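The exercises below work through one chain, element by element. Each task is followed by a solution in steps.

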Amino acid sequence: MDFPLKLTLFDDGLFKKSLQMYLNRCDEDLLMSNFIENTLCDILKNIGNGKSQITIIGVGSGEGNHDLEMISQLSLKHPRVLLDYKVVEPSGQQLQHFRETVARTSNLEHVKFTWNQMSTSEFEEQWRRTNVPEKADFIHMVQMMYFVEDPAAVIGFFHGLLNKNGKLLIVQASSENIVIRAMKAVHGQLSQIEGFSFLSAADIKRVLDVGGVTYQSYELQTDIDVTECFSEGDENGELLLDFLTSVQDFSKKASPELRAEVLRLLRDPQRSVEREGRVLVNSSAEALVVDASH
C-alpha cells in the first residue's frame, strides 16, 4: 500500500531539523544523559570480565552524542582498558558529523573507532560473510528500532553477539508517547511503512519475552511542549508536527481532517495537561537493559 505523503526520514536535512525541534521542546536528551551517568554507569562496570579490551557496538548511533557519554562512563569504570568501538550508522551525513566530533574531542586515545556506514541488515551480512568470531561486551540501540524491517531478527542477531556478562541496551518510545500515537493516527493501521515501523517499548518487550531473555526496564518519563503546533503558520510548530507524524510539511500537505485528528491527540485530556498556558503531552521512553544468554 502506497502512502501519498513523503516521510521526513528520507530527507536528512529536514529530519535533523525537526528532530532538534522535538529535543528542544522536551527533556529526552537530558533524561538519557542522566540515565547514562547515574544508572547505566553501574551496569557497565560489570562487563568485560577484567579483559584488556572491551568491544562495543553502537547501532544507529547518529551523530554520536550519547555514544561519547557512554564512552566517558566506560572509561571511568574500566581505566587503562582499550575500547574497540564499532559504529553502525546508515546516514553518511550523521556518521561524518560523529567523526568530526571525535576528532575535536580529547582523551579518546584509548578508543579505536571502526566506522560502518550501513544498515543493520548490511552489517549482519558483512559479519556473517567474514565469519568474525569476535563477540561484543556492550551493544546499544538508542531510538533506532523504528528503522529496521524485522525487529525480532535484528534483536536476535545482536543479542547473539554478546559475551558472557555482556549487555544490550535498547531505548524506545513508550506506547503512550505522542510520537507513537501520532504516527499510528497518520499512517492508519499499518504497522510499518517504507522501512519505518511504529514499535513502542511494549512491542520490544514482547519480542524479548518471546525470546525468553531477561532484561531490566527503566522509565524515562518526560513531557513535550506542543503549544506551537496549535498556531497556524508557526514555523516551530510546523517542524514539530513534521517530526511527530514523520511526514514532510505535514501542516501544508495533510488533509484538514487528518491535521485536526493529530491536534486532537495533542490535547487528549488523559495524556496531556495545560500549565501556565502551555500544552504538555507525554513523550516518555523506556530503556531496556538486556542480559546475555546464559
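**Exercise 1.** Which residues are buried in α4?

Solution. The model is predicted: local features need pLDDT of at least 70, side-chain atom pairs count only at pLDDT 80 or more, and totals for chains, interfaces and linings use all residues. Residues are numbered from 1 along each chain as its sequence is written, and side-chain values use heavy atoms, with hydrogens and water left out.

Step 1. Buried means under 20% relative accessible area, exposed over 50%, and partly exposed in between (1.4 Å probe, protein chains only). Helices (H or I, at least four residues) and strands (E, at least two) are DSSP runs, numbered from the N terminus.

Step 2. L95, F98, T101 and V102 of α4 are buried.

Step 3. Viewed down the axis of α4, the buried residues fall within an arc of 120°, so they line one face of the helix. The arc is taken over the directions from the helix axis to the C-beta atoms.

Step 4. The face turned away from the buried side of α4 carries the exposed residues A103 and R104.

Step 5. Contact means heavy atoms within 4.5 Å. The buried residues of α4 pack against α3 (65-77), β2 (82-88) and β3 (111-116).

**Exercise 2.** Check the length of helix α4 against the expected span of 18 Å.

Solution. Step 1. The expected span of a helix is 1.5 Å times one less than its number of residues.

Step 2. Helix α4 (residues 92-104) has 13 residues and should span 18 Å; its end C-alpha atoms are 19 Å apart, which agrees.

**Exercise 3.** What is the strand order of the open sheet of 7 strands, and which strands stand at the edges?

Solution. Step 1. Two strands pair if DSSP finds at least two bridges between them. The order is β3-β2-β1-β4-β5-β12-β8, with mixed pairing.

Step 2. β3 and β8 (215-220) are the edge strands; each has a single partner strand, so one side of each is left without a neighbour in the sheet.

Step 3. Direction ignored, neighbouring strands of the sheet are turned by 15° against each other on average.

Step 4. β1 (residues 53-59) pairs with β2 in the parallel sense over 7 bridges, and I56 has Y85 of β2 as its bridge partner.

**Exercise 4.** Describe the surroundings of β12, starting from its burial.

Solution. Step 1. 7 of the 7 residues of β12 are buried, so the strand is largely enclosed by the rest of the structure.

Step 2. A285, A287, V289 and D291 are buried on one side of β12, and E286, L288 and V290 on the other.

Step 3. β5 and β12 run antiparallel and are joined by 7 bridges; V171 has A287 of β12 as its bridge partner.

Step 4. β8 pairs with β12 in the antiparallel sense over 6 bridges, and here L220 has A285 of β12 as its bridge partner.

Step 5. Axes are lines fitted to C-alpha atoms, for helices over the stretch in contact, and angles run from 0 to 180 degrees between N-to-C directions. Helix α8 (residues 201-211) lies across β5, β8 and β12, at about 15° to β12. Helix α6 (residues 151-159) lies across β1, β4 (136-142), β5 (162-173) and β12 (285-291), at about 150° to β5.

**Exercise 5.** Is F35 buried or exposed, and what does F35 touch?

Solution. Step 1. F35 lies in helix α2 (residues 28-44).

Step 2. The relative accessibility of F35 is 4%, so F35 counts as buried.

Step 3. Not counting residues up to four places away in sequence, F35 touches L40, L169, Y218, L220, A287 and V289.

Step 4. F35 and L220 are 185 residues apart along the chain, while their C-alpha atoms are separated by 8.1 Å.

**Exercise 6.** How many residues has the largest nonpolar core, and which helix gives the largest share?

Solution. Step 1. A nonpolar core is a set of buried Ala, Val, Leu, Ile, Met, Phe, Trp, Tyr and Cys residues joined through side-chain atoms within 4.5 Å.

Step 2. The largest core has 34 residues; Y22, I224, V226, L240, L244, F250 and L266 have the most contacts inside it.

Step 3. α1 (12-24), α7 (178-186), α9 (235-245), α11 (256-266) and β11 (278-282) each supply at least two of its residues. The largest share, 6 residues, comes from α7.

Step 4. A second, separate core has 31 residues, including L44, L68, Y85 and A285.
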